[in-house]
Amino acid sequence: MNRTYILPLVLAIATLTGCGSLDKQRTQASEDPNVQISKILAHYRTGLNSGTACLTATQGWSEPVDCDGLLRETMQLYAAFPNNERVAMLAALMAYQTNHQEQAGYLLDQLLSGQKPRPEAAILRSRVALQEGNMGFARTLLQRQIRLNPRHPELYETLAAVQYLDRQYPAALQTLAMSERVGAPGWRTAYHRGLIYERQRRPDAACQQYRLALSGNPQFLAPQGRLVSLSNGTNCSVAEG
């Protein structure tokens, strides 16, 4: 999964507070699972910020994150605290990052079994569904969560991605506009809009959106790659001139 989308999920786990009463009883009798969650998140987030999360080191200076080890540690925590939503969400994320899609899907389905807003779980579950080729499930899940939490921008962005993959380009553009209206950063929606315009064979419009994305967030390098790709045979370039 792209780092741009993983980091919000990590931050969401850090702030998630829901847990069952059974877990509260266990927490009083043993180590607080939140302490262990924070340790795992700190390790994982450090690697994610450095761009080395779940990668195999190929240079001496590269320190990979042992995601399989983090998954084992998290699953041990999940066995002790199965009703703790932070534990379950972290376990699902680690399972997803280590390509255990079925395990991730199961954990996320447990989190989504009630009629409650669980946007981060829905976003990750929709990505699992897309990898399984179940586009309809991903769309229905996101639409249901949007009804429960209509001001969550990442839900709209992910739904727009599903519509993009399904070649529903006008609908994807409308959904992106809604995501921006409820708080999605303009640089990110500009990049996604550029991808849609490319598919619609509108290179000049795509170029404009990629420039907006790059100027809005110079650290986000994906638009630069698209601008270079579009520069062949068009007036598109990284910098207007």
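**Notebook: a buried charged pair and its surroundings**

**Entry 1. A charged pair.** I began with two charged residues and noted that Arg 118 and Glu 85 are both buried. The model I am reading is a predicted one. I then looked up how the two side chains are related, and I found that Arg 118 and Glu 85 meet in a salt bridge, with 3.0 Å from N to O. This pair links distant parts of the chain, since Arg 118 lies in the loop between H6 and H7 while Glu 85 belongs to helix H5, 33 residues apart. As general background, I recorded that side chains of opposite charge can pair when their charged atoms come close.

**Entry 2. The chain as a whole.** I next looked up the elements of the protein chain and found 13 helices and zero strands. Of the 241 residues in the chain, 46% count as buried. I also checked contacts between residues at least 6 apart in sequence, and 58% of these join residues at least 24 apart. The chain exposes about 12400 Å², of which carbon and sulfur atoms supply 49%.

**Entry 3. Confidence.** I looked up the confidence values before reading further detail. The mean pLDDT of the protein chain is 81, and 75% of its residues reach 70 or more. I marked two stretches for caution. Over residues 1-7, pLDDT stays under 50, and the model has 21 contacts beyond four places in sequence for them. Over residues 55-63, pLDDT also stays under 50, with seven such contacts in the model.

**Entry 4. The largest nonpolar core.** Which members of the largest nonpolar core touch the most other members? I found that Leu 108 and Leu 124 do so, in a core of 38 residues. At least two residues of this core come from each of the helices H3 (33-50), H4 (67-80), H5 (85-97), H6 (101-111), H7 (119-131), H8 (135-148) and H9 (153-165). The largest share, 10 residues, is supplied by H5. I then listed the partners of Leu 108, leaving out residues up to four places away in sequence: Met 89, Ala 92, Ala 121, Leu 124, Arg 125 and Val 128. A second, separate core has 21 residues, among them Tyr 164, Tyr 169, Ala 190 and Ala 205. For context, I wrote down that in soluble globular proteins, nonpolar side chains tend to be buried together.

**Entry 5. Arg 125 and its network.** Arg 125 appeared among the partners of Leu 108, and I followed it further. Arg 125 forms a salt bridge with Glu 132, the closest N and O atoms being 3.9 Å apart. Is Arg 125 buried or exposed? Arg 125 has a relative accessible area of 8%, and because the cut-off for buried is under 20%, Arg 125 counts as buried. Glu 132, at 48%, is partly exposed. I also found that Asp 109, Arg 125 and Glu 132 are linked in a network of salt bridges.

**Entry 6. A further salt bridge.** I looked up the total and found eight salt bridges. Another of interest to me joins Glu 198 to Arg 226, with the closest N and O atoms 2.7 Å apart. This pair, too, links distant parts of the chain: Glu 198 is in helix H11 (residues 186-199) and Arg 226 is in helix H13 (residues 222-230), 28 residues apart. With a relative accessible area of 22%, Glu 198 is partly exposed. Arg 226, at 24%, is likewise partly exposed.

**Entry 7. The disulfide.** How many disulfides does the structure hold? I found one, and it joins Cys 207 to Cys 236, with an S to S distance of 2.0 Å. Cys 207 lies in helix H12 (residues 203-216) and Cys 236 in the segment after H13, so that the pair links distant parts of the chain, 29 residues apart. The torsion about the S-S bond is about 95°, and therefore the disulfide is right-handed. I checked the accessibility of each partner. Cys 207 is buried, at 3% relative accessible area, and Cys 236 is buried at 5%.

**Entry 8. Gln 209.** My last search concerned Gln 209, which is placed in helix H12. Gln 209 is buried, with a relative accessible area of 9%. What does Gln 209 contact, leaving aside its neighbours within four places in sequence? I recorded Ala 190, Tyr 191, Arg 193, Gly 194 and Tyr 197. Ala 190 is also one of the residues in the second core.

Definitions and conventions:
Residues numbered from 1 in each chain as written. Predicted model: local features only at pLDDT ≥ 70, side-chain atom pairs only at ≥ 80, totals over all residues. Heavy atoms only, no water. Core = buried A, V, L, I, M, F, W, Y, C linked by side-chain atoms within 4.5 Å. Buried < 20%, exposed > 50% of the residue type's maximum accessible area, 1.4 Å probe, protein only. Helix = DSSP H or I, 4+ residues; strand = E, 2+ residues; numbered from the N terminus. Contact = heavy atoms within 4.5 Å. Salt bridge = Lys/Arg side-chain N within 4 Å of Asp/Glu carboxyl O. Areas by Shrake-Rupley, 256 points an atom, 1.4 Å probe, with all protein chains shown as cover. Disulfide = S-S within 2.5 Å. pLDDT = per-residue confidence, 0-100.
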